[in-house]
Amino acid sequence: MRFKEYIQNNQELFPYTFDDFIPQNDPVRIVDSIVEHLDLRKLLNRYKNVGCPGYHPKMMMKIIIYAYLRNTYSSRKIEDFTANDIRFMWLSGMQRPDHNTINTFRSGKLKGTLKEVFAQIVHFLVEQKMVSLEKAYTDGTKIEANANRYSFVWGKAIQTRIGKMAEQLNELWAYAEAVTKEELLDKTPITYQDITSEQLEGLVDKIDQALQGVETDPKVKSKIRYIKKNWPGKIKQYEEQNKELGDRNSMSKTDEDATFMRMKEDHMGNGQLKPAFNTQISTEEGFVTNYTIHQTTTDTTTYQDHMAAFKELHGHYPTESIADAGYGSEENYLFAKENDITPFIKYNYFHKEQTKKWKNDPFKSSNFYYNKEKDCCYCPMGQEMHKVGERTTKTKTGFIQTASLYQAKRCADCPLRCLCHDAKEERIVQINHRLKDLKNWAKGLLTSEKGLKHRSQRPADVEQTFGNLKANKNFKRFLLRGLEKVDIEFGLLCISHNLAKYAVNMNK
């Protein structure tokens, strides 16, 4: 048998360098080149000129970004690669930071600085004419938090518990008044708002003082002692949890910034409640141009903050915003109009409105003819429906919506009543004229030639990017905890995605 010559530990007159073994078109060279040209002054200002010299931020930035590009997110694995992987050894210059140093740099030094790094990389892509920042294909997905799925805190459950405490105190007051035969409580009954850490002790002391010197049921005395001993601590705990919850209805005890969300775990969208974050990205040509992390479960309430983050990063809003029906709302359409954004954003029932069945249904209130001069609608029988009032609603974000109410006449004798409605009174329809005008505006944009092009491009642009991040890069759960650290982790993921895609385009 013939074999190639094999000599282990062979000595060379001119020793090899790492550079000899790394191809010129390797993505690691892209990472090295781009990070070298970044302005990291904000990051450098986080270091102090005292004590033992630290590792250079450029080197740390390179190995972490390249690790995320290689689908490696653990600081211990990055530590191992700097000692054994030739590309990491070339990037680090044979320096070997341990996992604590890597994690401290990632979660500490990059706090408040990574967004600027991300923006610089996106602006580099603009210079290379790969993106223009004029279009923003936006979508969101939920990524599981690094938290125990069974350590939940529910806002409604806290209210229920405090409400039961109020009921027990009311029972004690009623017992004390029955025993002493005096009216002791100035305010009746004790409500949910009265059960605070400051007021609880005073309320219980009043009951205790009223029962002094009076023959009292031993169970009542035992109950008062239990309340004095245990309730103040519980109330303080509930107050702290309510403060942390804010406008949310749930959170995790192991990561208080995480909210319980319904996770899609199969093709039918079925899944269980897990602590997670709502991640939002905007893309163009498959590159991520903006990213934000949210604690709300719906995409509708994230749109304005996401667009504001886009402007903060790039100095202007996108000219065209393309998104699915999860973002279509009166508030978001108004925001787009006020900021000169052309919204190719669907709304609920957009696709159903295009069907013949919807268009040809004369009993749908959206198909009723509206006479603007008379301010009235016409029912399917041609009868005038006059305005009888208005209904105002307030969304979770504080936005005010106003709808006009129009009522029909002589519905009882109408031959079409059984097809029109089944209410006992005359039919009342509500029309939000401002929302209707905004929907017509959005509908015109969506059905235009450019709108059709954007609608076909959106899934291939932003949804494909999320597919790459979650499936190909296998990023389905955060490693870090807390909103700020999660934002850093997701930012590194987006940066690595952009550089990997840039490397592919350069090698075509």
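This passage walks through the salt bridges, a charged surface patch and two individual residues of a predicted model.

Salt bridges come first. The count comes to 18, and a few of them are worth a closer look. Lysine 62 and aspartate 32 pair up through their side chains, with N and O 2.7 Å apart. The two partners sit in distant parts of the chain, lysine 62 in helix α3 (residues 57-69) and aspartate 32 in helix α1 (residues 27-36), 30 residues apart. Despite its charge, lysine 62 is tucked away: its relative accessible area is 6%, so it counts as buried. This pair does not stand alone, either, as Asp32, Glu36, Lys58 and Lys62 are linked in a network of salt bridges.

A second bridge joins two loop residues. The side chains of aspartate 85 and arginine 70 meet at 3.0 Å, N to O. Aspartate 85 belongs to the loop between α4 (75-84) and α5 (86-92), while arginine 70 belongs to the loop between α3 and α4, and the two are 15 residues apart. Their surroundings are not alike: aspartate 85 has 13% relative accessibility and therefore counts as buried, whereas arginine 70, at 30%, counts as partly exposed.

The third bridge spans a long stretch of sequence. Glutamate 144 bonds with arginine 477 in a salt bridge whose closest N and O atoms are 3.5 Å apart. Because glutamate 144 lies in strand β1 (residues 135-144) and arginine 477 in the loop between α17 and α18 (483-506), the pair ties together parts that are 333 residues apart in sequence. Here again the acidic partner is buried, with glutamate 144 at 9% relative accessibility, and arginine 477 is partly exposed at 37%.

Charge also shows up on the outside of the model. Arg161, Lys164, Lys234 and Lys253 form a positive surface patch. One of these, lysine 164, is placed in helix α8 (residues 155-180).

Two more residues round out the picture. Threonine 465 is part of helix α17 (residues 449-472), and at 0% relative accessibility it counts as buried. A polar atom of the threonine 465 side chain lies 2.7 Å from the backbone oxygen of aspartate 461. Glycine 444, by contrast, is partly exposed, with a relative accessible area of 40%. Its home is helix α16 (residues 433-446). Glycine 444 and phenylalanine 344 are separated by 100 residues in sequence, yet their C-alpha atoms are 9.3 Å apart in space.

Conventions. Residues numbered from 1 in each chain as written. Predicted model: local features only at pLDDT ≥ 70, side-chain atom pairs only at ≥ 80, totals over all residues. Heavy atoms only, no water. Patch = residues over 30% accessible without salt bridge, like charges linked within 9 Å, V, L, I, M, F, W, Y side chains within 5 Å. Areas by Shrake-Rupley, 256 points an atom, 1.4 Å probe, with all protein chains shown as cover. Salt bridge = Lys/Arg side-chain N within 4 Å of Asp/Glu carboxyl O. Lys, Arg positive; Asp, Glu negative; His and termini not counted. Charge placed at Lys NZ, Arg CZ, Asp CG, Glu CD. Helix = DSSP H or I, 4+ residues; strand = E, 2+ residues; numbered from the N terminus. Buried < 20%, exposed > 50% of the residue type's maximum accessible area, 1.4 Å probe, protein only. Polar contact = N/O pair within 3.5 Å; in protein donor to acceptor, adjacent residues only side chain to side chain.
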